[in-house]
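Please open the model in your viewer and set the side chains to sticks, so that pairs of residues can be selected one after another. The tour goes from one charged pair to the next.

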Amino acid sequence: MVKLIGKKKINCAVFISGRGSNLKSILSYSKKNNSKINIRLVICNKPSVNGVNFAKKNKIETKIVNYKNKYKAEKKITNYLKKNNIELIFLAGFMKILSKYFVNKYKNKIINIHPSLLPKYKGLNTHKRAIINKEKFSGCTVHFVTEKLDSGRIILQQKVKILSTDDYKSLSKRVLKVENKLYPKAINKLLSNF
Ligand code: GRF
């Protein structure tokens with residue numbers, strides 16, 4: 001469990017790379033009375049994507065980080081996190097792999113959502129691979145981030161049935177809707193003791 005004691009709201013950052021539908025759902029969850037989180041910062045590796053526009057409209061401090069040099073990028077990110085007293089990080093469609101150094105610095109404080117039923121289909125193109133392998137279900141998983149890609153402890157997972165008519169686009173669309181509900185649910189579960 002994440003040990004964050006003695007405060008009402010936990011300062012959180014959301015890392016994104018694009019559309020930002022999970023950012024949206026985490027933000028609306030954070031505004032609920034019983035939520036224990038406060039979204040203070042959005043980090044994105046791309047300028048002018050939908051998620052960035054959404055964050056700015058909602059007056060969340062938003063930083064675009066150039067990822068040409070991962071070491072420099074992570075150094076900048078660490079400074080932003082410190083300045084904003086960030087205690088918990090949510091990866092929401094963040095398409096960069098964090099270094100071992102960064103992950104260990106924020107051990108047990110980085111959460112991710114992955115569009116598959118982990119441990120199956122780590123990495124990219126999850127739904128495409130699930131359909132090719134004639135799986136009955138795909139789904140999504142909220143989990144802790146560790147040094148190993150998509151392998152940290154699972155917080156919550158939900159199945160989504162693959163229909164005979166599905167292609168990877170229709171399946172990702174359906175799973176995304178489930179993701180948007182599962183992420184807040186997982187955060188709530190994680191922080192239920194605080
Ligand atoms: C989601 O499917 C997430 O699981 C994956 O990237 C997608 C991001 O979607 N890692 P969004 O930007 O939150 O809409």
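Begin by selecting Glu61 and Lys63, whose side chains meet in a salt bridge with an N to O distance of 3.6 Å; bear in mind throughout that the model is a predicted one. If you colour by accessibility, Glu61 comes out as partly exposed, with a relative accessible area of 35%, and Lys63 is likewise partly exposed, at 24%.

Next, select Lys120 together with Glu135, which form a salt bridge whose closest N and O atoms lie 3.1 Å apart. Which parts of the chain does this pair link? Lys120 sits in the loop between strand E5 (110–114) and helix H5 (126–132), while Glu135 belongs to the loop between H5 and strand E6 (137–144), so that the pair links distant parts of the chain, 15 residues apart. Showing the surface around Lys120 should present a partly exposed residue, with a relative accessible area of 43%.

Then move to Arg174 and Asp166, where a further salt bridge is found, with 2.7 Å between the closest N and O atoms. Is Asp166 buried or exposed? Asp166 counts as buried because its relative accessibility is 10%, which falls under the 20% cut-off, whereas its partner Arg174 is partly exposed, with a relative accessible area of 28%.

With Arg174 and Asp166 still selected, you may add the earlier pairs back to the view, since the count for this model comes to 3 salt bridges under the rule of a side-chain nitrogen within 4 Å of a carboxyl oxygen.

Key
Residues are numbered from 1 along each chain as its sequence is written. This is a predicted model: local features need pLDDT of at least 70, side-chain atom pairs count only at pLDDT 80 or more; totals for chains, interfaces and linings use all residues. Side-chain values use heavy atoms; hydrogens and water are left out. Buried means under 20% relative accessible area, exposed over 50%, partly exposed in between (1.4 Å probe, protein chains only). Helices (H or I, at least four residues) and strands (E, at least two) are DSSP runs, numbered from the N terminus.
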